[in-house]
Amino acid sequence: MIETVELPEMIAIGVLVEAPWDALPKAVPAAWTRLFETDTGASSFLEVSLSREDGVYRELVGYLAAKKTEVPDGMTRIVIPAQRYLRLHHDGPLAGIAGGFEKLYAHAAVAGLKATDYKLDFGYLPGLPPGRHELHVALEPEPLPLG
């Protein structure tokens, strides 16, 4: 079931990946390996798709953290803004996650909502086993009424 949710501002810390589409299948798993090898104390992980510009994708593989959490060497802190998202739960292999995001974008198009390239995927665990993921696609803010 697809639903619209509001999420608060969150802080994520992790490994930043910047790569063209065809390099992502190697770059993203390598970033996960690096993250899981670092002693972060985290037990819940996410992937944030930040942007796509000139064929280069920017993603962060990381974990949610408190604002004052120290950033380990070689990692990046980002602020995930408070915003509205379409959300869908995915249960199963990681290979099915892309299809879940396709469903969210198709739903947005049919519903007349403006979906963005900003995505959140909660549910990763060390070893990257199949399991339950919460997929989110950020929506553009609605224009303020005039008057």
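Colour the chain by secondary structure to begin: this predicted model shows two helices and eight strands, and, read from the N terminus, the elements follow the order β-β-α-β-β-β-β-α-β-β. The radius of gyration of the chain is 16 Å, close to the 15 Å that the globule rule gives for 147 residues, so the chain is as compact as a globular protein of that length. If you orient the view along the principal axes, the C-alpha atoms occupy a box of roughly 50 × 35 × 30 Å.

Before selecting single elements, switch on a surface for the whole chain. About 8,600 Å² is exposed, and carbon and sulfur atoms supply 56% of that area, while 39% of the 147 residues count as buried. Among the contacts with a separation of 6 or more, 71% are made by residues 24 or more positions apart. Colouring by charge adds a further view of the chain, in which the mean position of the 13 positive charges and that of the 20 negative charges lie 3 Å apart.

**Strand E4 and its partners**

Select residues 56-65, which make up strand E4. Is this strand enclosed or open to the outside? Seven of its 10 residues are buried, so E4 is largely enclosed by the rest of the structure.

Add residues 10-20, strand E2, to the selection, and you will find that E2 pairs with E4 in the antiparallel sense over 10 bridges. To locate one point of this pairing, pick Gly14, whose bridge partner in E4 is Gly62.

Now bring in residues 45-53, strand E3, which runs antiparallel to E4 and is joined to it by eight bridges. Here Arg52 is a convenient residue to label, since it stands opposite Tyr57 in E4.

Move next to the loop between E3 and E4, where Asp54 lies. The two strands form a hairpin with two residues between them, and Asp54 has a positive phi of about 50° although it is not a glycine. With the surface still displayed, check the side chain of Asp54: this residue is exposed, with a relative accessible area of 82%.

**Strand E8 and its partners**

Turn to residues 131-139, strand E8, and select with it residues 83-92, strand E6; these two pair in the antiparallel sense over eight bridges. Which residue of E8 does His90 stand opposite? Labelling the pair shows that His90 faces another histidine, His133.

Keep E8 selected and add residues 115-124, strand E7, which pairs with E8 in the antiparallel sense over five bridges. Within this pairing, Asp121 has Leu135 of E8 as its bridge partner.

E7 and E8 also form a hairpin, in this case with six residues between the strands. Zoom in on the turn, where Gly127 has a positive phi of about 90°. Then select Leu128, which is found in the loop between E7 and E8 and has a positive phi of about 50° although it is not a glycine. How far is this leucine covered, given that a residue must be under 20% relative accessible area to count as buried and over 50% to count as exposed? At 25% relative accessibility, Leu128 counts as partly exposed.

As a last view, display the two loop residues together: Asp54, in the loop between E3 and E4, is exposed at 82% relative accessible area, whereas Leu128, in the loop between E7 and E8, is partly exposed at 25%.

Conventions: Residues are numbered from 1 along each chain as its sequence is written. This is a predicted model: local features need pLDDT of at least 70, side-chain atom pairs count only at pLDDT 80 or more; totals for chains, interfaces and linings use all residues. Side-chain values use heavy atoms; hydrogens and water are left out. Helices (H or I, at least four residues) and strands (E, at least two) are DSSP runs, numbered from the N terminus. The radius of gyration is taken over C-alpha atoms; the globule rule is 2.2 Å times the number of residues to the power 0.38. Buried means under 20% relative accessible area, exposed over 50%, partly exposed in between (1.4 Å probe, protein chains only). Contact means heavy atoms within 4.5 Å. Accessible areas come from the Shrake-Rupley method with a 1.4 Å probe; for residues, only the protein chains shown count as cover. Lys and Arg count as positive and Asp and Glu as negative; His and the chain ends are not counted. The place of a charge is taken as NZ of Lys, CZ of Arg, CG of Asp or CD of Glu. Two strands pair if DSSP finds at least two bridges between them.
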